[in-house]
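Biologist: I should like to learn how to read the features of a protein model. May we look at one together and take its features in turn?

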Amino acid sequence: MDKHDGRATAPPRAVATRGSGDPWYDEPDSEWGEWRGPGATSTAVPAQSVPSELSAAGVYLEVQRSAAFQEVRRRYRRFVVPAFVLFFVWYVAYVVTATTAPGLMAEPVAGAVNVAMVAGLGQFASTFLLTWLYVRHARLRRDRAALELRWDTQEMTRGIVGHARVNGAASGEGGRL
């Protein structure tokens with residue numbers, strides 16, 4: 001038996017998949033912030049002529065092969081691989097030292113604070129530092145290029161989605177988009 005506190009609850013909102021089928025698509029929901037008035041119809045993306053050989057998968061493969069996408073991936077790897085190796089070595093060194101040299105880890109540094117406590121706090125500090133460095137690197141070196149790729153991809157798939165809706169795929173005849 002479900003318990004109720006007497007208040008009515010709203011049904012959960014469905015994830016909007018209008019536009020390109022991308023859940024991150026930046027189209028305002030008609031219920032939020034826009035008043036269309038009585039009898040107004042919502043505007044849809046106009047259907048564009050799309051060659052039959054193009055598909056969303058083809059567009060994404062084309063983008064994946066592009067030089068811009070490869071550059072974003074290269075910038076990502078140039079940061080992540082060295083950062084991972086450095087952090088992993090630091091973590092393993094801490095664990096191995098704590099296991100194999102308990103006398104060293106028990107050496108006092110200041111009062112009741114010993115080497116193990118300083119190294120353990122160093123693990124936390126290095127985690128936060130690495131997170132900050134990663135976010136900074138992404139913001140300065142990758143986000144703008146990745147956003148441009150996203151917009152280009154959406155523009156290329158917009159015509160395909162519009163073409164599929166014209167052919168009846170969105171009405172349940174052709175499956176999910």
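Modeller: Let us begin with charged side chains that meet. This is a predicted model, and in it a network of salt bridges links E71, R74 and R75.

Biologist: Which atoms should I examine to recognise the salt bridge between R74 and E71?

Modeller: In general, a salt bridge is read from a side-chain nitrogen of Lys or Arg that lies within 4 Å of a carboxyl oxygen of Asp or Glu. In this case, the side chains of R74 and E71 meet with a distance of 2.5 Å from N to O. E71 also forms a salt bridge with R75, where the closest N and O atoms are 3.0 Å apart.

Biologist: Where do R74 and E71 lie along the chain?

Modeller: Both R74 and E71 lie in helix 2, 3 residues apart, about one turn of the helix. R75 and E71 are 4 residues apart in helix 2, so about one helical turn separates them as well.

Biologist: How many salt bridges does the structure hold, and what can be said of R158 and E155?

Modeller: The structure holds 3 salt bridges. One of them joins R158 to E155, with the closest N and O atoms 2.9 Å apart. R158 and E155 belong to helix 4 and are 3 residues apart, so they too are separated by about one helical turn.

Biologist: Are the residues of the network buried, partly exposed or exposed?

Modeller: The general idea is to compare the relative accessible area with two cut-offs: a residue under 20% is buried, one over 50% is exposed, and one in between is partly exposed. R74 has 34% and is therefore partly exposed. E71, at 26%, is partly exposed, and R75, at 30%, is partly exposed too. Outside the network, E155 is partly exposed, with a value of 48%.

Biologist: Which residues form the positive surface patch?

Modeller: Such a patch is read by looking for like charges joined within 9 Å, among residues that have over 30% relative accessible area and no salt bridge. Here the positive patch consists of R78, R136, R139 and R141. Helix 4, which spans residues 115-166, gives the most to this patch, with 3 residues. R78 lies in helix 2, residues 67-100. R78 counts as exposed because its relative accessibility is 62%.

Biologist: Which residues form the nonpolar patch on the surface?

Modeller: The nonpolar patch is formed by V81, F84, V85, F88, V89, Y91, V92, V95 and V96, and together they have about 780 Å² of accessible area. V89, one of these residues, lies in helix 2.

Biologist: With which residues is Y76 in contact, leaving aside its neighbours within four places in sequence?

Modeller: A contact is read from heavy atoms within 4.5 Å. Y76 lies in helix 2, and, with those neighbours left aside, Y76 is in contact with Y134 and R142. Y76 and R141 are 65 residues apart along the chain, yet their C-alpha atoms are separated by 8.6 Å. Y76 counts as partly exposed because its relative accessibility is 27%.

Biologist: How many helices and strands are there in the protein, and what pattern does it follow?

Modeller: The protein has 4 helices and 2 strands, and along the sequence they follow the pattern α-α-α-β-β-α. Of its 177 residues, 18% are buried. Among contacts between residues at least 6 apart in sequence, 60% join residues at least 24 apart. The accessible surface of the protein comes to about 13,800 Å², and 62% of that belongs to carbon and sulfur atoms.

Conventions:
Residues are numbered from 1 along each chain as its sequence is written. This is a predicted model: local features need pLDDT of at least 70, side-chain atom pairs count only at pLDDT 80 or more; totals for chains, interfaces and linings use all residues. Side-chain values use heavy atoms; hydrogens and water are left out. Buried means under 20% relative accessible area, exposed over 50%, partly exposed in between (1.4 Å probe, protein chains only). Accessible areas come from the Shrake-Rupley method with a 1.4 Å probe; for residues, only the protein chains shown count as cover. Patches are made of residues with over 30% relative accessible area and no salt bridge: like charges are joined within 9 Å, nonpolar side chains (Val, Leu, Ile, Met, Phe, Trp, Tyr) within 5 Å. Lys and Arg count as positive and Asp and Glu as negative; His and the chain ends are not counted. The place of a charge is taken as NZ of Lys, CZ of Arg, CG of Asp or CD of Glu.
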